[in-house]
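Let's take a walk through this protein together, from its overall outline down to a few of its aromatic side chains. Have the sequence and the structure open as you read.

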Amino acid sequence: MKYAVEVAKAGSLSKASETLLIAQPNISRSIKELENDLGITIFERSAKGMFLTHDGEVFMNYAKSIISQIEALEKFYKESTPDKQRFSISVPRASYISEAFAQFSKRINSSSCEVFYNETNSRRAIENILNNDYGLGIIRYAANHDESFKAMLEEKGLNYELLTQFTYQLTMSKSHPLAERESISLNDLKDYIEIAHADPYVPSLTLSKVLKEEQATGGDRKIYVFERASQFELLSENNETFMWISPVPTKMLERYNLIQRPCAENERLYKDMLIYRNGYTLSPLDKEFITILIQTRRQYL
């Protein structure tokens with residue numbers, strides 16, 4: 001189309017060839033193919049040059065408009081946002097990760113950048129990478145499900161790297177009736193309200209079995225939440241609540257007037273795994289976040 005416009009402007013193949021820096025036979029062949037595709041004759045050819053036919057005049061109006069739009073589109077994407085960076089990650093509801101992300105946000109100095117931070121369960125973290133164009137994910141699972149998760153990740157073409165492993169800490173308000181005890185047993189908790197995340201995920205188990213397995217401590221009163229803000233507010237405001245959480249930064253515990261206590265009877269080990277697609281190349285932002293995440297993990301876990 002561009003060749004045809006230039007030939008119409010120049011009036012001859014030779015002049016168009018000089019302008020386009022393309023051999024005449026190539027221009028002639030391209031225009032002939034264009035005419036065959038459209039089923040019209042664009043140019044009348046003579047010893048004096050090439051002239052537009054009536055169909056050629058009509059075609060030229062469309063061609064110039066189309067070329068102008070294409071050039072505007074190319075300019076928009078190639079020139080308007082040359083430095084745009086993108087970072088996306090799905091993570092478990094973990095305070096050390098959110099702390100790392102807060103520190104990471106201070107390092108973003110690109111003039112054009114999009115960042116997506118999604119707190120969710122392991123299943124959705126995997127789906128976000130496979131189907132929603134997320135670059136990174138962090139999944140959390142009990143160590144006894146390690147074989148099941150790794151087999152599933154390999155089947156889906158995902159790389160995985162161990163970030164950390166830990167046992168959950170018993171978390172409650174400083175005003176909780178059990179807060180002053182040096183040792184707290186599972187039986188001590190049966191009369192209090194357990195706060196738990198409502199959507200744990202294990203690929204080989206049904207949701208009912210997972211809930212039964214994951215929430216096997218405490219009594220019969222439970223409050224299920226889906227994000228961290230609610231859990232901390234509940235723990236802070238309701239002195240009858242408690243929750244099993246990965247280690248929380250001291251400044252966050254102080255902000256909500258909370259304490260964390262170990263429980264010898266709850267020794268279940270959990271793993272946090274970094275995941276991304278096979279063949280995915282880590283961006284500078286990815287590497288920056290991972291570096292900060294590892295530093296934060298060493299500080300709190």
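Helices and strands here are DSSP runs, with at least four residues for a helix and at least two for a strand, numbered from the N terminus. Counted that way, the protein has 11 helices and 12 strands. Please keep in mind that this is a predicted model.

**Overall outline**

How spread out is the protein beside a compact globule? Its radius of gyration is 31 Å, whereas the globule rule gives 19 Å for 301 residues, so the protein is more spread out than a compact globule. Along the principal axes, its C-alpha atoms fill a box of roughly 105 × 40 × 30 Å.

Of the 301 residues, 43% are buried. Among contacts with a separation of 6 or more, 74% join residues that are 24 or more positions apart. The protein exposes about 16,600 Å², and 47% of that area comes from carbon and sulfur atoms. As for charge, there are 37 positive and 41 negative side chains, and the centres of these two sets lie 3 Å apart.

**Aromatic pairs**

Now for the rings: the structure holds 11 aromatic pairs. Two of them are set side by side here.

| Pair | Distance between ring centres | Angle between planes | Class |
|---|---|---|---|
| Tyr168 and Tyr270 | 4.3 Å | 40 degrees | tilted |
| Tyr276 and Tyr280 | 6.3 Å | 50 degrees | tilted |

Planes under 30 degrees apart count as stacked and those over 60 as edge-to-face, with the rest called tilted. At 40 degrees, the planes of Tyr168 and Tyr270 therefore make a tilted pair. Tyr168 sits in the loop between β6 (158-167) and β7 (169-173), while Tyr270 belongs to strand β12 (residues 269-277), so this pair ties together parts that are 102 residues apart in sequence. Both of these tyrosines, Tyr168 and Tyr270, are buried.

In the other pair, are the two partners buried or partly exposed? Tyr276 is buried, with a relative accessible area of 10%, and Tyr280 is partly exposed, with a relative accessible area of 31%.

**An aromatic cluster and helix α5**

Phe87, Phe101, Phe104, Tyr117 and Phe289 come together in one aromatic cluster. Helix α5 (residues 95-105) is mostly covered, with eight of its 11 residues buried. Phe101 and Phe104 are among the buried residues of α5, and both also take part in the cluster. The other buried residues of the helix include Tyr96, Ile97 and Glu99.

Notes: Residues numbered from 1 in each chain as written. Predicted model: local features only at pLDDT ≥ 70, side-chain atom pairs only at ≥ 80, totals over all residues. Heavy atoms only, no water. Rg over C-alpha atoms; globule rule 2.2 N^0.38 Å. Buried < 20%, exposed > 50% of the residue type's maximum accessible area, 1.4 Å probe, protein only. Contact = heavy atoms within 4.5 Å. Areas by Shrake-Rupley, 256 points an atom, 1.4 Å probe, with all protein chains shown as cover. Lys, Arg positive; Asp, Glu negative; His and termini not counted. Charge placed at Lys NZ, Arg CZ, Asp CG, Glu CD. Phe/Tyr/Trp six-rings, centres within 6.5 Å; stacked < 30°, edge-to-face > 60°.
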